[in-house]
Structure formats: C-alpha cells, structure tokens
Amino acid sequence: MSAEVAALRLGTTVAGAAARMWLGGRRREQERHLPVEELARVRVPGVKFSRSVKRQFEQIADAVFDRLEPFLEHEFKALEESGRQTVIDAVCDTLAAADLSDDALLAADAQPAELIRRIARAVPPPVGLGEAESSLYERLFTECVEYYVRIVRSLPVFEERAAAELLVRTSTLGGEVTRILERLPDRSLFAPDGTDQDTAFRRRYLELVSDSLDEVELFRRASDRAAAQVRLSVAYVSMRATGDDNAWRRTARPLPTLRADMSDWEERPGAGGAGMRVEAALRNAARVLLRGEAGSGKTTLLRWLAVTAARGAFAGELAEWNGLTPVFVKLREYSGRTLPTPEAMLDGVAAPLTGIMPRGWVERQLDGGRVLLLIDGVDELLDRERRAVRDWLRRLLATYPDTRVVVTSRPAAAGVDWLRREDFGALHLDRMTPPDLAAFVRQWHQAVRELGDELPCAVEELPQYEQSLLVSLKDRAHLQSLAGTPLLAAMLCAMHLNRGRHLPRDRMELYRSALHTLVHDRDAERNVPSAMDSALGLGDKLILLRDLAWRLSDNNRSEIALDQAAVHVGARLRALRHLDPLDGEQVLRHLRDRSGILRSPAQGRLDFVHRTFQEYLAAEEAAEEDRMGNLVGRAHLDLWRETVVLAAGHANARQREELLGGILDRAEAEPRHARTLRLVAASCQETLPSVPEGLAARLEEAVARLLPARRETDPPALAAVGPRLLRWLPRSGAGLTAKAAARTVETAALVGGEEALDVLEGFTGDTREEVTNAPRRGMELLRRRGLRRAGAVAAAPGEVPPHAHPFGPVEGRPGVADGDGPDRRLSLPTARGPDRAALPRRPASLQPARRVRPGGAAVAARPALPRADRLHRTAGPGGHRRPGAA
C-alpha cells in the first residue's frame, strides 16, 4: 500500500464519519451507516443539492489526504507492505467501531483528547501489531480523531426545516474546512505537536541569546550594579589559530586597521602570519576541537560565535553560517550530572524560555542541520567525565550528522586526536602576536568607552591611556610576553587604567595585582559605601576566597551551591578571631557582588569568573596551609598542573624544596608519569623567585631528560625554564625525527633571545615539511619578533629585516638613523642578565634596512632601538628583562 492510497482511504473514512454524523443526526440507526452518497440522496431533497453535498465532503476528504500523505510517505519507509496495510486497516476499523455520534461528541465536550480516551475504553485495541506499527497506529488514530472533531465543530447544525437555507451555504463548506485543517500543526516524528510555533519561538530564543551572551567582563567593577561588563560584540578581537594537521588552509587574513595612527603595529594586507585567523580556519570545518591555554579566549570566542549567529551577522569567511541556530553548552554545569538531552541543551542560556519551547524543537533544528553547537570546557571536567562527553558527542552526531560543532578544551585535557574518530579537526588558539596585542589594546579602550562616567578617567583621556600602554609594551619586552593571552592582556589594560599607568613585572605579580584591585582596592579608593561598611580588610577577603578556591579544586569542581558556599564562609569567619561575628551568607553575597572574582552562573550557584583566579588562590592556600604533599600527589593530573606551577611561586624556600623534590622523586619512582612530572617541575621555574640550591642540578637533569621535545605540549612547558634551556637543545636536526626537530624549533623560538638564534641557525637547512611548518611556525615567530641576525640567516623575500623592531618605532628613543654607526648594537628582548649588556656589534656591511612587502613595495627602515649598553637589565622569569633604569 502506498502512502497516497493510505492517505486517501483515511481521508474518506474521516470525511464519511463527519458526513454521517451531520446528515444522519438523531435519525434511525440504519441511516447513520449508509454511504455518504446514499445518505445525501436520502436526507437532502433534490439531485443537485445532493450532488453538491457529496462534492463538499469529497473536498473535505481531500483536505485530510493533503495533511496525511507527506507524513505517511516518511513513516512508511520503516514498515513492510503488510505492516502498512495492517495499520491502516486497524485505524479504519477503530473509527468504524467507535461511537462518533453527536451525543458522544458532546459527552467529550467536543475535545479530541477526551474523545480519544473514551474510544480507547470502549473499543478493543488492535492485536498483532509490532512496536513500530503500534506507534504509527496511535499517531494516525489520534490525528484522525482530531480532524474529525475539528470538522464536526465547523459544520452548521442541520435541521430538516432549514435544509434549503443551509444547503445554500455548502458551496463554501469545503473551503472553510480546508482552511481549518491547514491551521492544524504539521505532525511528524520530530514534531509531535506540530511546527506552527517554531518560527515565533526561534525568534524569541535568538533574541535572548543575542542579549544574554553579548557581554564580556573587563576585570573590574565600578559600582554596585556591576557595570564593568561591556558588549562582547564591541570588544571582540579576532585571534589566530594554528591547525594541528596539514588539512587546514594556511592563508591568513590581515587584521583590520582599527585606527590610522600607529599603523606600524598593524599587519599589511597580504602579509603572512604565524597562523590563520580563527574565522578563516572555522569556515570549512563542520566539526572542530578548539584547544588553547588558560585565558586564551576559548569561551569568549564561543560566546561571540553564538551572538553573531543569533543576529545572522557573520561576514567574510563565516557568511555561510548565517541562518544557523546557536546552542551554547557549558560542560561545567554538568560536572557530576548526566549530560543534557537535546531538549535540555537550552537550559544554561535560555532557561526562562524552555517552559514554552515547542515539543521537539531542538531535535527539529538538529535534524535539519540548522544548529551551531558550541560546547565549552572539556578540561573543566574530571577525566572519567570527559570520556562520557566523547561518547555523548558520538551518539549525538550519529543521530544528527549535519550539525556544526565547536568544542573547546585546554590542550592537556584533550589531545589532537581526542575526537579524531568523530571526524573533528583540531585547532590551537595561538598566543597573541604584536599586531594582535596592539589590536586588542585599542579595541579594549574602545569598548570601555561604554562605561562612561564609571571610568576612573574622563572618556576624552582614553586615547592618552591607550597610547601610553602601547608605548610601554613596545619598550618592555617582558610585558609583551606576559600579555600573550586575552585574559592577561585585559588585566594589563585594566591595571594600567586603574593604577595610574603602573604595570606588573611577571605573571604572579599580575594575578596578585588584579586580585588586590578587584577584591578591595578599587572600592576602598572610591569610598564605595558598601565597601566602607564592611568590616573585612583585604587580607580577610583573600582568606575567604582562598578557602573557597581550595575547596572547589580539592573536589575537582569549578562550581558550588550558594548555600553550601555560605556555610563554608561562615565556618572560616568564625576562625578569624579578630572580627566580630558576621553572617556567612551576607559576607558571601558581598564578595560575589563587589569583588569581581565571584559570580552566580545560574540561580543558586557560585563560581570564579575565570578558572585562573581559582587556581591562583588555591595555590596560595596550599602554600599558606602547607599542603605541598597534597600537591605532589596530584602533580601528574592535568587539572592540577597550573595550581602546582603557581604554588611554586607562592611557596617559601622549605616548601619549594618539598614540592619540587617530591615531584622529581615521583618521576623517578613512577615511570608511567615520569615525563609529565618532569614537565611540571620544569614549568615551575617560570614562577620560582629562586631555584633552591640543592635542587638546581636535579632540575637541570630532569629538563635534559625531556629533550628533545616530542609532544605538542612540550615546547610551552620547556620554554618556561628560560634561556638556560637553550644549552641542552640540539643544534641541528641531524639524528632527530621530523617531529622532534619541529618541536625543538618551536621551543627555541618561544624562549627567544640571542642564544636562541644559535640553535635555530642549525635548522635552517632542514627541508622536512614538519620542520618548515612547525605547529607554531617557530622560524616565522622569530622573524616577527625581529630576532634574526643579519648575515647569519638569510631573510626570505618579504620578511621583516633581522634588526627591525617588532612593533616599529618608539617615539623619543635614541638610535642611529643611518644604521652604520660604529658602536651600533642590537637590542634583543631577552638578554640573560648584566653579563649580556654588550651584545654583538652589527656587521659594518649591513646597510640601512628596507622592508620589502609582498609584490615588491619597499618601506623605509624604522628608527633604531636604544643601544644595549644603555639599558640596565636584570633577569626576569623566562629570561625576560625586568625594567631597571630604562
């Protein structure tokens, strides 16, 4: 039986039942079982009127046919011929056996659902149906009864004495019934209640997504209404991404010029870059695993994608994404819970609307390939929960294969191949290059204009603050390295604005300064009433925040119930004997509303605005409470890596011995985790104020055993050791695999400095593809930083000359204009200390530099940097100089 034949039979059955009820009325029972044509002849006077009535009910049958035929066409595909016939016979038999009289209809209050229940009680269900056949039978029977009730309710009451007048109206009866049926919802497997409300709900949902996600926290709060959030659509700056395989398109889009001034910070059209713009990388990728370090902008990017999709405002590379429905899922909300079904995916963002969401709406969007699924924070779950995420994704995409998906994670939690079997390509969000950083600073200052009177300066003064920060970044190489992620760059911008243009020297100081500013100093300096009334000082607040951070981290959580957090705060307050009794709930509310560190991501929940703050405070608590042994035991877990590294910076001398010694002891005793533990120990050197004398040799031995770098996560961890690492790096690719050589190039480039050139020179003749296209493009990164020595490594056409400053000229700085002065010296960003004050002289043969643009256009050389012997430097973390007299 075809869908067409089945739909016609059902349509005729429904229309016939309606005609018999209408024409038969309360007449003799035998009349009510006559065919429609015969009943019309008996009940309607005149051949013409009888034929007219017959045609009208045939039109009604056609209207029912039009509703059912597409549905049956889809459903019949899953049934055998015998099953189709059986289902249609069962529906028609049930309708024939049912009491569909006007009395029965009135007893059911003319409500389809009630009439269905009454028929189900009175008529035995069909037997011999399989599961699929029973499901189709129930849906078809429900549909036919609803059509029947709607048709009958639309018919005029038939009275014999008014037959002539009523029959005049039958010329429009069929059309009216057709219009009534057209207003009924289109039901299907994915639309059990129809789709007539889908468009209205989607419009409301997209408006909510556009409004609720279009905000970004700028790491300060200026009033009780927490107005430090500005529009993400204004503050967003495009980031670079590097593909983890060769399948990604290698072309890069130039960063748009945000202002005409200081254009030397901007990339030129057509210029190459150390990666592609993330929008370009996403364009042709249906499934992407987007990886990036802490604060690299992963969540911000997903929120921007959601907002832009909601507005249909994609342009350029992503223009074809317009029309997609964004669904943003924060995995942290499902820690310890079952991952969401499709209909529950909207709870995190659109909870106020889910109560009115049409049944099956999300499934219909997924089935139609109209969803942009944005899944944030694989790294924020435990390892066993991450496996569940992968299985959940696999099942979801097997059911809805046309869904576009972007999943984010830190690299340590999800390797390049983590979702390879699910056909995901992997991208890595790169650290910001100098042009990226310049664009970020400018866009940040543009975005904060929206704060108006809540700024610490007049809006008209923002250009001066912006210019001052850009010049500081040019002058101080360690700040360029420090501000490599959007999180840290935003902190620098906020501190520069809030603290009279004073900037921190390293990451530990940056976090510490940010916390002090946000938690206490800002409100205290401005005499905010709620801050003045608080009995808590900065130290008291940090104690409470540290305790909360440790409790969350200790339980591998990033979120806690508000009432539970209030209990912990209350208990900690009672231990602060110098304070009068305070209510834990009120204090917690004050910290959440005023600190800028805590927030409520959902009703009744609490978390830190960024995981980095939680890790920093948990590390400080571990040092304060002497929990080094605890950290040693967890040092191999990627969730604890940052906490361990930061704890090394908080620890005192004895604790540093215990922490690093314990980690290295475990590396010797546990071969399974040896490499991971040695990498953690090496990374700790980034935050150590000094290396314990007894551990220096062991650390150097551990680092040497990690070389050559082989894994993708090795270079950043090894580069944290600083310039001392360079003495152990191979001087060429001889004897190394292509992958090991590529990782070595990347590691040396990340360390930087004059000595890094000696390492990289040995790899310039290595033509293996993995080396020339290292994931972070180490050689190109070095060129972008202006570290390539003239005469040592030949510059390729179009490269920045080896002595050109990466940011261009610095106003007011001395230099030799013609470039051939006898005592001109190269100024490198990462000299190792006072013994490097006099760097090698520039070869006399080197003529004034001219940058060659692609296409042959030359640009005049920039003013020289100051002589190295005029700078006073001290070694900073990672070998970056700290400001002295300069």
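The crossing of helices α9 and α12 is left-handed. In this predicted model, helix α9 spans residues 198-212 and helix α12 spans residues 298-311, and their axes come within 8 Å at a crossing angle of roughly 140°. This angle makes α9 oblique to α12. On the α9 side the contact is formed by Leu206, Val209, Ser210 and Ser212, which meet Arg303, Ala306, Val307, Ala310 and Arg311 of α12. Classified by residue type, the contact of α9 with α12 comprises five nonpolar, two polar and two charged residues.

The chain as a whole contains 35 helices and 16 strands. Of its 886 residues, 57% are buried. Where contacts link residues at least 6 apart in sequence, 74% of them join residues at least 24 apart.

Seven strands are arranged in an open sheet with mixed pairing, in the order β4-β3-β9-β5-β8-β7-β6. The edges of this sheet are occupied by β4 (276-277) and β6 (325-330), each of which pairs on one side only. Within the sheet, strand β5 (residues 287-291) runs parallel to strand β9 (residues 425-429), and four bridges join the two. Val288 lies opposite Gly425 of β9.

Val329 belongs to the edge strand β6. With a relative accessible area of 2%, Val329 falls under the 20% limit and is therefore buried. Its contacts, when residues up to four places away in sequence are not counted, are with Tyr334, Pro340, Met345, Leu373, Leu374, Ile375 and Asp376. One of these residues, Ile375, lies 46 residues from Val329 along the chain, yet the C-alpha atoms of the pair are separated by 4.9 Å.

A further open sheet consists of three strands in the order β10-β12-β11, with antiparallel pairing. Strands β10 (559-561) and β11 (598-599) each have a single partner strand and stand at the edges, so one side of each is left without a neighbour in the sheet. The antiparallel pairing of β11 with strand β12 (residues 605-608) extends over two bridges. In one bridge, Arg599 is partnered by Asp607 of β12. Helix α23 (residues 562-575) packs on this sheet, where it touches β10 and β12. The direction of α23 makes about 85° with that of β10.

A second helix pair is formed by α28 (residues 653-669) and α30 (residues 693-705), whose axes come within 11 Å and cross at roughly 40°. At this angle, α28 is oblique to α30. The crossing of α28 and α30 is left-handed, as is that of α9 and α12. Residues Arg656, Glu657, Leu660, Gly661, Leu664, Asp665 and Glu668 of α28 meet Gly694, Leu695, Arg698, Leu699, Ala702 and Arg705 of α30. By class, the residues in the contact of α28 with α30 divide into five nonpolar, two polar and six charged.

Terms used:
Residues are numbered from 1 along each chain as its sequence is written. This is a predicted model: local features need pLDDT of at least 70, side-chain atom pairs count only at pLDDT 80 or more; totals for chains, interfaces and linings use all residues. Side-chain values use heavy atoms; hydrogens and water are left out. Axes are lines fitted to C-alpha atoms, for helices over the stretch in contact, and angles run from 0 to 180 degrees between N-to-C directions. Angles under 35 degrees count as roughly parallel, over 145 as roughly antiparallel, 65 to 115 as roughly perpendicular and the rest as oblique. A crossing is left-handed if the near helix is turned anticlockwise from the far one by less than a right angle, and right-handed if clockwise. Contact means heavy atoms within 4.5 Å. Ala, Val, Leu, Ile, Met, Phe, Trp, Tyr, Cys and Pro count as nonpolar, Asp, Glu, Lys and Arg as charged, and the others, Gly among them, as polar. Two strands pair if DSSP finds at least two bridges between them. Buried means under 20% relative accessible area, exposed over 50%, partly exposed in between (1.4 Å probe, protein chains only).
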